[in-house]
Amino acid sequence: MQNNWKQIWESRDTSFVMVNEDDILMKLIQTDGFDGGGGDSFITVDSWKSYVSLIRKEFSARRTDSIFEVGCGCGAILYPLHKFGHKVGGLDYSVTLIRKAQELLPNAYLVACEASELETEDKYDFVIANSMFFYLPNFEYALFVLNKMYEKAKKGIAVLDVPDASLEYLLEEKRRKACPNYDEKYKGLKHLYYPKAWFLNFIEQKKYSRFVISQQNILNYGYNGYRFNCFILK
């Protein structure tokens, strides 16, 4: 399953020409998989910037805080965070996407590797994973990655854009209607859906000062009603 997804991400077109910051960000948003906006809408640069600002607000992040992203793609999240003044880093299993991110963020620590290979000695204030956990092969693997994220973070972590297990049937039907050849196109490419209780069980075993599980809320994103975000602050 995971290797099939990896082949898809390796084949993404990253040859776009740099123009201005907003054009660059729009290309990054599209290349990182948000080119359809959730099947029936279109995510704009402004709505994406608002989403990144929301992440910073939930963390109460200062410009001096460092942020690391697991599954960073070509940098749709890291690029605006860098523009906000944060030191950023990330990993992704797609060499193609990481090379593009390195082109745009030459001073960032960026590495092509599996999420399970996340090193934890070099700490960052916050560690995030956006729209990535549903590509993981199973819950055991996901828990291993989540523990590594928690260990790497000094102040907190966030797992964002998580498909809600209680709404799996409805979301799969929505995706199927948006894509006439859905079953053929996504054969062997399943998403992993998470019960919110899965995150609550993890939180209960950790020392934390605050946690928030909230509905996803990106303007013009068709999957808002089916996905959630989880923030855990130490």
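Here are some questions and answers about charged pairs, buried residues and a surface patch in this predicted model.

Q: How many salt bridges does a search of the whole structure find?
A: Let's begin with the overall picture before turning to single pairs. A salt bridge here needs a side-chain nitrogen of Lys or Arg within 4 Å of a carboxyl oxygen of Asp or Glu. With that cut-off, the search of the whole structure gives a total of 11.

Q: Which residue forms a salt bridge with Lys 83?
A: The closest N and O atoms of this pair are 3.2 Å apart. Lys 83 counts as partly exposed because its relative accessibility is 42%. Its partner, also partly exposed, has a relative accessible area of 45%. Lys 83 sits in helix α4 (residues 78–84) and the partner in helix α2 (residues 21–34), so the salt bridge ties together parts 62 residues apart in sequence, and the partner is Glu 21.

Q: Which helix holds both Glu 103 and Lys 100?
A: The side chains of these two residues meet in a salt bridge, at 3.4 Å from N to O. Lys 100 counts as buried, because its relative accessibility is 3%. In sequence the two are 3 residues apart, about one turn of the helix, and that helix is α5 (residues 95–104).

Q: Is Lys 152 buried or exposed?
A: Lys 152 meets Glu 119 in a salt bridge of 2.8 Å, N to O. The pair links distant parts of the chain, 33 residues apart: Glu 119 is in the loop between β3 (109–112) and β4 (124–130), while Lys 152 is in helix α6 (residues 139–152). Glu 119 is partly exposed, at a relative accessible area of 28%. For Lys 152 the relative accessible area is 0%, so this residue is buried.

Q: What is the nearest side chain of opposite charge to Glu 69?
A: Glu 69 is in strand β1 (residues 66–70). Beyond its neighbours within four places in sequence, Glu 69 has contacts that include Ile 77, Leu 91, Ile 128 and Asn 130. Glu 69 is buried and has no salt bridge; the nearest side chain of opposite charge is 12 Å away, and that is Arg 227.

Q: What arc do the buried residues of helix α7 cover around the axis?
A: In α7 (residues 168–178), the buried residues are Leu 171, Glu 172, Lys 174 and Arg 175. Their arc is what puts them on the same side of α7, and it spans only 155°.

Q: Which exposed residues does the face of α7 turned away from its buried side carry?
A: Opposite the buried side, a residue counts as exposed when its relative accessible area is over 50%. The exposed residues on the face turned away are Tyr 169 and Lys 177.

Q: How far apart in space are Pro 80 and Trp 48, C-alpha to C-alpha?
A: Pro 80 lies in helix α4 and counts as buried because its relative accessibility is 7%. Not counting residues up to four places away in sequence, Pro 80 touches Leu 25, Trp 48, Val 52 and Gly 75. Pro 80 and Trp 48 are 32 residues apart in sequence, and their C-alpha distance is 9.1 Å.

Q: How much accessible area do Leu 200, Tyr 208 and Phe 211 have together?
A: Tyr 208 lies in the loop between α9 (196–204) and β6 (210–215). Tyr 208 counts as partly exposed because its relative accessibility is 37%. With Leu 200 and Phe 211, Tyr 208 forms a nonpolar patch on the surface, and their accessible area together is about 240 Å².

Notes:
Residues are numbered from 1 along each chain as its sequence is written. This is a predicted model: local features need pLDDT of at least 70, side-chain atom pairs count only at pLDDT 80 or more; totals for chains, interfaces and linings use all residues. Side-chain values use heavy atoms; hydrogens and water are left out. Patches are made of residues with over 30% relative accessible area and no salt bridge: like charges are joined within 9 Å, nonpolar side chains (Val, Leu, Ile, Met, Phe, Trp, Tyr) within 5 Å. Accessible areas come from the Shrake-Rupley method with a 1.4 Å probe; for residues, only the protein chains shown count as cover. Helices (H or I, at least four residues) and strands (E, at least two) are DSSP runs, numbered from the N terminus. Buried means under 20% relative accessible area, exposed over 50%, partly exposed in between (1.4 Å probe, protein chains only). Lys and Arg count as positive and Asp and Glu as negative; His and the chain ends are not counted. Contact means heavy atoms within 4.5 Å. The arc is that of the directions from the helix axis to the C-beta atoms.
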